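Welcome! Please take a look at the structure below, and then try the exercises at your own pace.

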Amino acid sequence: MDGFLIDNVIKTQQWKGARIVKKRIPYIALALLMFVVAGCTAQTPQANEPTASASQPGATSSLVDDDGDPAQAMTVTSAGITGGVIDPTYGMHGVQVVQGVPTLSLPLEIANVPKNTVCFAVYMEDLSTEPAWVHWMAVNVMQSVIPEDFSLTADDSVIQGTNDFNTIGYGGPTPPKDHTYAVTVYALDARLDLDSGFTLEQFRAALEGHIIAECTLEGNYKTDK
């Protein structure tokens, strides 16, 4: 995803009515040449210049897959979604359900991570409801491989928001009929300053201006096992 190419175009203007003394031409030409060279040097940017510096909190190389193709877009996959269908374990048919809310979060794996990524944010919603039902919001995720049940096992550096079950963390699918769900992962250039239990509005506001890349994975959860 990196790499820049800037072509500098130099336009020469001829001024009408100007009188040039022959013996001063070499000095003027030399001055003009020095001006052009200086101008080209100043306008050439550094290639692969990162958005976030390594001195920022959490700016670690462990987020980046060095074998990834920088020309490819960031992707997210899940071992819990096969053939576009979410495994029943991660919703109402699973065994990890607390007061009617499924709490076993989906495993996720993020690939082709931009090299200036500081952390990730995760957002899961039900696309079959209007407005969309929020199932999971998590920020400051510092790993590209997110294991199953991460919502309950993550350390305190990962901040999670309030879902539409009015609980903090992951709340899995409990649809009255088959519904389609979307999990979106955001690569961010900085950690987000949010408190545990943040709202959807606070989440969206905090993301603004920090998204380097994003990708979405969809899956259908069936009411019949």
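Here are four exercises, each with a worked solution.

This is a predicted model, in which local features need pLDDT of at least 70 and side-chain atom pairs count only at pLDDT 80 or more, while totals for chains, interfaces and linings use all residues. Residues are numbered from 1 along each chain as its sequence is written, and side-chain values use heavy atoms, with hydrogens and water left out.

**Exercise 1. Describe the chain as a whole.**

Step 1: Start with the secondary structure. The chain has three helices and 12 strands; helices (H or I, at least four residues) and strands (E, at least two) are DSSP runs, numbered from the N terminus.

Step 2: Turn to burial. Of the 225 residues in the chain, 38% are buried. Buried means under 20% relative accessible area, exposed means over 50%, and partly exposed lies in between (1.4 Å probe, protein chains only).

Step 3: Look at the contacts, meaning heavy atoms within 4.5 Å. Among contacts with a separation of 6 or more, 75% join residues 24 or more positions apart.

**Exercise 2. Find the salt bridge and say which parts of the chain it joins.**

Step 1: Recall the criterion: a side-chain nitrogen of Lys or Arg within 4 Å of a carboxyl oxygen of Asp or Glu. The structure holds one such salt bridge.

Step 2: Identify the partners. They are the side chains of D178 and K222, at 3.7 Å from N to O. D178 lies in the loop between β10 (159-160) and β11 (179-188) and K222 in the segment after β12 (211-221), so the pair ties together parts that are 44 residues apart in sequence.

Step 3: Check the exposure of each partner. D178 is partly exposed, at 37% relative accessible area, and K222 is partly exposed, at 37% as well.

**Exercise 3. Work out the surroundings of M92.**

Step 1: Locate M92. You will find M92 in the loop between β3 (85-86) and β4 (97-98).

Step 2: Judge its exposure. M92 is partly exposed because its relative accessible area is 31%.

Step 3: List its contacts. Leaving out residues up to four places away in sequence, M92 touches V97, P102, P173, T174, P175, Y221 and T223.

Step 4: Compare sequence with space. M92 and G172 are 80 residues apart along the chain, yet their C-alpha atoms are separated by 6.9 Å.

**Exercise 4. Is T103 buried or exposed, and what does T103 contact?**

Step 1: Place T103 in the loop between β5 (101-102) and β6 (108-111).

Step 2: T103 counts as buried because its relative accessibility is 10%.

Step 3: Beyond its neighbours within four places in sequence, T103 is in contact with Q96, V98, D149, L152 and Y170.
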